[in-house]
Amino acid sequence: MSQASTPMRFDLPQPDFETQPFWDATREQRLVLPWCTDCERAIWYPRATCPHCLGDAVEWRNDAGH
């Protein structure tokens, strides 16, 4: 006799100030990434300070599909 399996439960991430633009864009089926305007590099995961140059000039840009 087999037992019915219980489906796995996954908690969804809770957006915060740093990640809200990412989640808003996904609802519109768009991909946006935080971008450091000091060193011109994408940042992943979203954060307020660039891990590459430690700059804080971060803006959100649409991904061009690179």
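# A tour of the sheet, its cysteines and its charged pairs

Start with the sheet: 3 strands make up an open sheet, ordered β2-β1-β3, with antiparallel pairing. Strands β2 (41-42) and β3 (58-62) are the edges, each having a single partner strand, so one side of each has no neighbour in the sheet. Strands here are DSSP runs of E with at least two residues, helices are runs of H or I with at least four residues, and both are numbered from the N terminus. Two strands count as paired if DSSP finds at least two bridges between them.

This is a predicted model, in which local features need pLDDT of at least 70 and side-chain atom pairs count only at pLDDT 80 or more, while totals for chains, interfaces and linings use all residues. Residues are numbered from 1 along each chain as its sequence is written, and side-chain values use heavy atoms, with hydrogens and water left out.

**Stop 1: strand β1**

Select residues 32-36, which are strand β1; 2 bridges join β1 to β2, and the two run antiparallel. Show W35 and A42 together: A42 in β2 is the bridge partner of W35. Then add C36 and R41, since R41 is the bridge partner of C36 in β2.

Now turn to the other side of the pairing. Strands β1 and β3 are joined in the antiparallel sense over 5 bridges. Among the residues to pick out here are L33 and R61 of β3, which stand opposite each other.

Is β1 enclosed or open to the outside? Of its 5 residues, 4 are buried, so β1 is largely enclosed by the rest of the structure. Buried means under 20% relative accessible area, exposed means over 50%, and partly exposed lies in between (1.4 Å probe, protein chains only).

**Stop 2: the turn at E40**

Select the turn between β1 and β2, where the two strands form a hairpin with 4 residues between them. E40 sits in the loop between β1 and β2. Its phi is positive, about 55°, although E40 is not a glycine. At 43% relative accessibility, E40 counts as partly exposed.

**Stop 3: Q29 and the cis peptide**

Next select Q29, found in the loop between α1 and β1. Q29 is not a glycine, yet has a positive phi of about 60°. With 76% relative accessibility, Q29 counts as exposed.

Then move to W44 and Y45, which are joined by a cis peptide bond with omega of about 15°. Y45 lies in the loop between β2 and β3. Most residues other than glycine have a negative phi, and most peptide bonds are trans.

**Stop 4: the cysteines**

How many disulfides does the structure hold? The structure holds 0 disulfides, a disulfide being a pair of cysteine sulfur atoms within 2.5 Å. Select C36 and C53: C36 is in no disulfide, and its nearest cysteine sulfur, that of C53, is 3.6 Å away. Select C50 and C39 as well: C50 is in no disulfide, and its nearest cysteine sulfur, that of C39, is 3.7 Å away.

C36 has 0% relative accessibility and counts as buried. C50 is also buried, with a relative accessible area of 1%.

From C36, go to L54, which is in the loop between β2 and β3. L54 and C36 are 18 residues apart in sequence, and their C-alpha atoms are 9.3 Å apart in space. L54 is exposed, with a relative accessible area of 66%.

**Stop 5: the salt bridges**

Finish with the charged side chains. The whole structure contains 5 salt bridges, each defined as a side-chain nitrogen of Lys or Arg within 4 Å of a carboxyl oxygen of Asp or Glu. Side chains of opposite charge can pair when their charged atoms come close.

Select D11 and R9, whose side chains meet in a salt bridge at 2.7 Å, N to O. Both D11 and R9 are exposed.

Move to helix α1, residues 20-27, where D24 and R27 are 3 residues apart and therefore separated by about one helical turn. D24 and R27 form a salt bridge, with their closest N and O atoms 3.5 Å apart. D24 is partly exposed at 33% relative accessible area, whereas R27 is exposed at 60%.

Next show R30 and E28, which form a salt bridge with the closest N and O atoms 2.8 Å apart. R30 is partly exposed, with a relative accessible area of 36%, and E28 is exposed, with 52%. Last, select E40, E59 and R61, which are joined into one network by salt bridges that share partners.
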